[in-house]
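Please work through the exercises below with the sequence and the structure at hand. Attempt each task before reading its solution.

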Amino acid sequence: MDYIKAVRTMRTEMNVHPAKKTSMIIETADAAPFQNAQVYLAKFAFATDVTFTEKYEGSTDGMVQVSTHAARGFIPMMELIDREKELARLNKEKAKAEKEMAMFGNQLNNPKFVERAPAALVEEIRTKFAKSQDKLANIEQSIKALG
């Protein structure tokens, strides 16, 4: 279940349509639970075929890694997405997140705002600022993953 959730989350983050299916390689010390769940991997993780190995030593170029406590999966995402379109989308999203973060940062760096605004509002702005930092970090990680 954890592995399927991780794959679905990763596909959602990369805007891969559920109709697009691909192969996957699962590196795990105990392949039995995954082999027993191949039907579910095909249906819910959108796998066309699944290969199991104790230690994956192949190329990771164009592969996205999905990790859980029991396994690590390697999925060739470059066959599912248009790299240039995805990079353009991520860069646009990054610019929006940077602008949002700067806006919240400016409010928090303004001593008059922090002194005069209600404490609940200041705390809400701090929370939004932290969330925008996390969002920016995730976007940058996705850009890095695409190369």
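The exercises that follow concern helices, strands, a pocket and single residues in a predicted model.

**Exercise 1. The length of a helix**

Task: Determine whether the end-to-end distance of α4 agrees with the span expected for a helix at 1.5 Å a residue.

Solution. Step 1: Helix α4 covers residues 83-109 and has 27 residues. Step 2: The expected span of a helix is 1.5 Å times one less than its number of residues, and for α4 this gives 39 Å. Step 3: The end C-alpha atoms of α4 are 38 Å apart, which agrees with the expected span.

The reasoning also applies to α1. This helix, residues 2-13, has twelve residues, and the distance of 16 Å from its first C-alpha to its last is close to the expected 16 Å.

**Exercise 2. The two sides of α1**

Task: Identify the buried residues of α1 and explain why they line one face of the helix.

Solution. Step 1: A residue counts as buried when its relative accessible area is under 20%. In α1, Tyr-3, Ile-4, Val-7, Met-10 and Arg-11 are buried. Step 2: Seen down the axis of α1, these buried residues fall within an arc of 130 degrees, so they line one face. Step 3: An α-helix has 3.6 residues a turn, so residues three or four places apart point the same way. Step 4: On the face of α1 turned away from the buried side are the exposed residues Lys-5 and Thr-12. Step 5: The packing partners of the buried residues of α1 are β1, α2, α3, β3 and β4.

**Exercise 3. Strand pairing**

Task: State in which sense, parallel or antiparallel, β1 pairs with β2 and with β4, and in which sense β3 and β4 run.

Solution. Step 1: β1 pairs with β2 (residues 47-53) in the parallel sense over five bridges; Thr-22 stands opposite Ala-47 in β2. Step 2: The pairing of β1 with β4 is antiparallel, over three bridges, and Ile-26 has Gly-73 in β4 as its bridge partner. Step 3: β3 and β4 run antiparallel and are joined by five bridges. Gln-65 has Phe-74 in β4 as its bridge partner. Step 4: β3 and β4 form a hairpin, with four residues between them. Step 5: Five of the six residues of β1 are buried, so this strand is largely enclosed by the rest of the structure.

**Exercise 4. The second largest pocket**

Task: Find which element supplies the largest share of the lining of the second largest pocket.

Solution. Step 1: The second largest pocket holds about 190 Å³ of space. Step 2: Its lining residues include Asp-2, Tyr-3, Ile-4, Phe-34, Tyr-40 and His-69. Step 3: At least two lining residues come from each of α1, α2 and α3. Step 4: The largest share, three residues, comes from α1.

**Exercise 5. Two single residues**

Task: Decide whether Thr-28 is buried or exposed, and do likewise for Lys-144.

Solution. Step 1: Thr-28 is placed in the loop between β1 and α2, and at 6% relative accessibility it counts as buried. Step 2: Beyond its neighbours within four places in sequence, Thr-28 is in contact with Phe-34, Thr-53, Glu-54, Ala-70 and Ala-71. Step 3: Thr-28 and Thr-53 are 25 residues apart along the chain, and their C-alpha atoms are separated by 6.4 Å. Step 4: Lys-144 belongs to helix α6 and is exposed, with a relative accessible area of 70%. Step 5: Lys-144 and Leu-87 are 57 residues apart in sequence and 9.7 Å apart in space, C-alpha to C-alpha.

How values were computed: Residues are numbered from 1 along each chain as its sequence is written. This is a predicted model: local features need pLDDT of at least 70, side-chain atom pairs count only at pLDDT 80 or more; totals for chains, interfaces and linings use all residues. Side-chain values use heavy atoms; hydrogens and water are left out. Buried means under 20% relative accessible area, exposed over 50%, partly exposed in between (1.4 Å probe, protein chains only). The arc is that of the directions from the helix axis to the C-beta atoms. Contact means heavy atoms within 4.5 Å. Two strands pair if DSSP finds at least two bridges between them. On a 1 Å grid over the protein atoms alone, a cavity is a set of points where a 1.4 Å probe fits but cannot get out, and a pocket is an open set with protein on both sides within 12 Å along at least five of seven lines; lining residues have an atom within 4 Å of a point. Grid points are joined across faces, edges and corners, and a volume is the space filled by probe spheres set on the points.
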